[in-house]
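Please open the structure in a viewer and keep the sequence panel visible beside it. The tour below proceeds by selections, each followed by a description of what is found there.

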Amino acid sequence: MATPALRHLALGSAAVVAVVGVGLAVAGPLTPSDPGTPRAGASTSPSSAVTPTPSESPSAAPSPAGPVDVPTARPPKGRLDGDDLYETSVAASRAAFPGRADAPVVYLVSGDSWSKGYAAVPAAAVLGGPVLLTRPDGIPRVTAAELERLDPERIVLVGGSKVLGSGVARKAADLAPAVERVDGAGAAGASLALSRSAFPAATAAWVVSADHPEHAVVAATAAATTRTPLLVVDGDATRLPAAHADLLRDLGVTAVTVVGPASAVSRGVARDLEDVVGEGRVVRASGEDRYAVAARVNALAQPSPAEGVAYLTSGHATGTAFAAASLAGLSKRPLYYALPYCVPASARPALVRKAVERVVLVGGEGTVRRLAGRLEPCRSITDMDSDWVLVNRRNPLSPMKFAPSDLMVPPMSDAAGQQLRADAAKALGRMASAVAADAGRIGIDTAYRSYATQDALYDKWLARRGRTWTDTWYARPGFSEHQTGLTVDLLPVGESNCSINDCIDETPQGVWLARNAWRYGYILRYENGYRSTVGLGFEPWHFRYVGTELAKAYHDGGWHTYEAFLGQPGAPSY
Ligand SMILES: [Zn+2]
């Protein structure tokens, strides 16, 4: 059976540009006598179920209909994840519609170009259905299986045949009695068509730029959460397009939230929105960065949310975020952004609130680390005083002649007068005791090296061995981790077959360090086989202090380079 809103969509909307498969013409008139029983959780007002559709004219006013109830979501215990975007999207759908619950409608959006589908997230939510991502040329098996499980009355293909091809349309026709396309010009046009076809009326709406997918995904989630439409404007729009204004007036919108700073949605657009809502209100959800914008959007969507989960993913993984947006929106839970390895100060206060029972990470460890899930506060990776600082061939010290202020000789017997920053030195002292008890003594070959020391060292080897060899084994001055005071080259002490750092990996001490250094906040910085990322050859003696939280996350996540862990590009050359 179809809800009134569905019949409206089938018959009353000019936004539906094409019908594929079994005709929609039968869906409307036949609905009142449809013998099917109401779906659990669906809107089942008896009076509306037998009220004929007001008109079959495309210009007819939509029949008023409230949002459709959806089942209670069952968010995953740990992560919401899959091998690809399609699987992640299916995992989200399964969480939104757990058990045998089925959905009245499913929106299919291309996993290659989901920008047309931002407005599908609230459109699907108000009609009680999920958004699923699909390949543009065919429906993936896992997606088809989910569609079978959901058994929708209707599948909406978002975009024209260039966005979702005939292979998708054909398969969709096998999976639902009615299939239709909703499209418009670009992300902006599609948002109008999607909103018009799903919302008979709305008092509030969200407006976002097509050029900022990171804003658009959280705006889509917020719009779905509040069961209100999302309108996308072109990134270079200086005025609100007339079609947008018309739609807002037709729907009766009196409150608009503009998402992003004026550099994303212009002041001109905001002013025109003010004219459209008249006595109503236009507010801007902005912030210093995407993390802050997301937090602000969530706060405006739900000023005092009920207790439940919060979804968290990388602010640079908008496809992954999009795959979860429908679930978050349907179940009225917020979607926040973090860095891959920590939560920025702009997002953290909202996530540590009592209303957040637990955080569900969206995407794999490669997208967002467990450390972010534990709400580790971000520390700088560019500030020389931060123990997370990244120094490599793309990231020299800044200033180049930086020198740490808290150097000390580590409390251990074989320190050889070498110095490290205080936290790194104390941790090394503890590590030296532990390795001595388990595997044998270690000593320091070199630790902190000043710019001048590195300069002399590099020049010495350059004269002896030439540029290629020297660049393989020595960082140029200003590019050495040793200059941070957080790095130490270790050597075994008392081993008959090895007394220099080169062979430390063949000693019990070296083996112990490779396995256990993380427990003391150190990582083996230059592993075997990662020169194309880190820029240097295998150095089993070179350990970098990053603090115990980060080192544990690095170890637990099975990471091999600090660059990849931080989500930063490799630095093979200067
Ligand atoms: Zn070193």
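The stops that follow lead from the whole chain to two sheets, a helix pair, a loop residue and a single helix.

**The whole protein**

Begin with everything displayed, and bear in mind that this is a predicted model. The protein contains 21 helices and 19 strands. Of its 574 residues, 52% count as buried. Of the contacts between residues at least 6 apart in sequence, 74% join residues at least 24 apart.

**First stop: the sheet of strands 8, 7, 9 and 10**

Select strand 7 (204-209), strand 8 (230-233) and strand 10 (281-285), together with strand 9 (residues 255-259). These four strands form an open sheet with parallel pairing, in the order 8-7-9-10. Strand 8 and strand 10 stand at the edges; each has a single partner strand, so one side of each is left without a neighbour in the sheet. Direction ignored, neighbouring strands here are turned by 25 degrees against each other on average.

Now restrict the view to strand 9 and strand 10, which run parallel and are joined by five bridges. Which residue of strand 10 is the bridge partner of Ala255? The partner is Arg281.

Add helix 9 (residues 213-225), which packs on this sheet and touches strand 7, strand 8 and strand 9. The direction of helix 9 makes about 170 degrees with that of strand 7.

**Second stop: the sheet of strands 16, 17, 19 and 18**

Move on to strand 16 (441-446) and strand 18 (522-524), then add strand 17 (residues 487-493) and strand 19 (residues 542-545). Four strands again form an open sheet, here in the order 16-17-19-18 and with antiparallel pairing. Strand 16 and strand 18 are the edge strands, each pairing on one side only. On average, neighbouring strands of this sheet are turned by 45 degrees against each other, direction ignored.

Next, display helix 18 (residues 508-516), which packs on the sheet. Helix 18 touches strand 16, strand 17, strand 18 and strand 19, and its direction makes about 145 degrees with that of strand 17.

Strand 17 deserves a selection of its own. Five of its seven residues are buried, so strand 17 is largely enclosed by the rest of the structure. Strand 17 pairs with strand 16 in the antiparallel sense over five bridges, and three bridges join strand 17 to strand 19, also antiparallel. Asp489 is a useful residue to highlight: in strand 17 it is the bridge partner of Thr446, and its own bridge partner in strand 19 is His542. Thr487, for its part, stands opposite Arg544 in strand 19.

**Third stop: helix 4 and helix 13**

Select helix 4 (residues 85-96) and helix 13 (residues 318-330), whose axes lie 9 Å apart. How are the two helices oriented to each other? They pack at an angle of about 10 degrees and are therefore roughly parallel.

To see the contact itself, show Leu85, Thr88, Ser89, Ala92, Ala95 and Ala96 in helix 4. These residues meet Gly319, Thr320, Ala323, Ala324, Ser326, Leu327 and Leu330 in helix 13. By class, the contact comprises eight nonpolar, five polar and no charged residues.

**Fourth stop: Pro130**

Centre the view on Pro130, in the loop between helix 5 (120-126) and strand 4 (131-134). Is Pro130 buried or exposed? Pro130 is buried, with 28 other C-beta atoms within 10 Å.

Residues up to four places away in sequence set aside, Pro130 touches Ser93, Ala96, Phe97, Ala103, Val106, Ala124, Ser326 and Leu330. For Val106, the C-alpha to C-alpha distance to Pro130 is 5.3 Å, although 24 residues separate the two in sequence. Ala96, Ser326 and Leu330 also appear in the contact of helix 4 with helix 13.

**Final stop: helix 6**

Finish by selecting helix 6 (residues 141-150), in which Thr143, Glu146, Leu147 and Leu150 are buried. They cover an arc of only 100 degrees around the axis, which puts them on the same side of helix 6. The buried residues of helix 6 pack against helix 4, strand 3 (105-110), strand 4 and helix 7 (166-175).

Rotate the view to the face turned away from this buried side, which carries the exposed residues Arg141 and Glu148. The tour ends at Asp151, which follows helix 6 and has a positive phi, near 45 degrees.

How values were computed. Residues numbered from 1 in each chain as written. Predicted model: local features only at pLDDT ≥ 70, side-chain atom pairs only at ≥ 80, totals over all residues. Buried ≥ 20, exposed ≤ 12 C-beta atoms within 10 Å, placed from the backbone. Contact = placed C-beta atoms within 7 Å. Pairing = 2+ DSSP bridges. Axes fitted to C-alpha atoms, helices over the stretch in contact; angles between N-to-C directions. Parallel < 35°, antiparallel > 145°, perpendicular 65-115°, else oblique. Nonpolar A, V, L, I, M, F, W, Y, C, P; charged D, E, K, R; others polar. Arc of directions from axis to C-beta.
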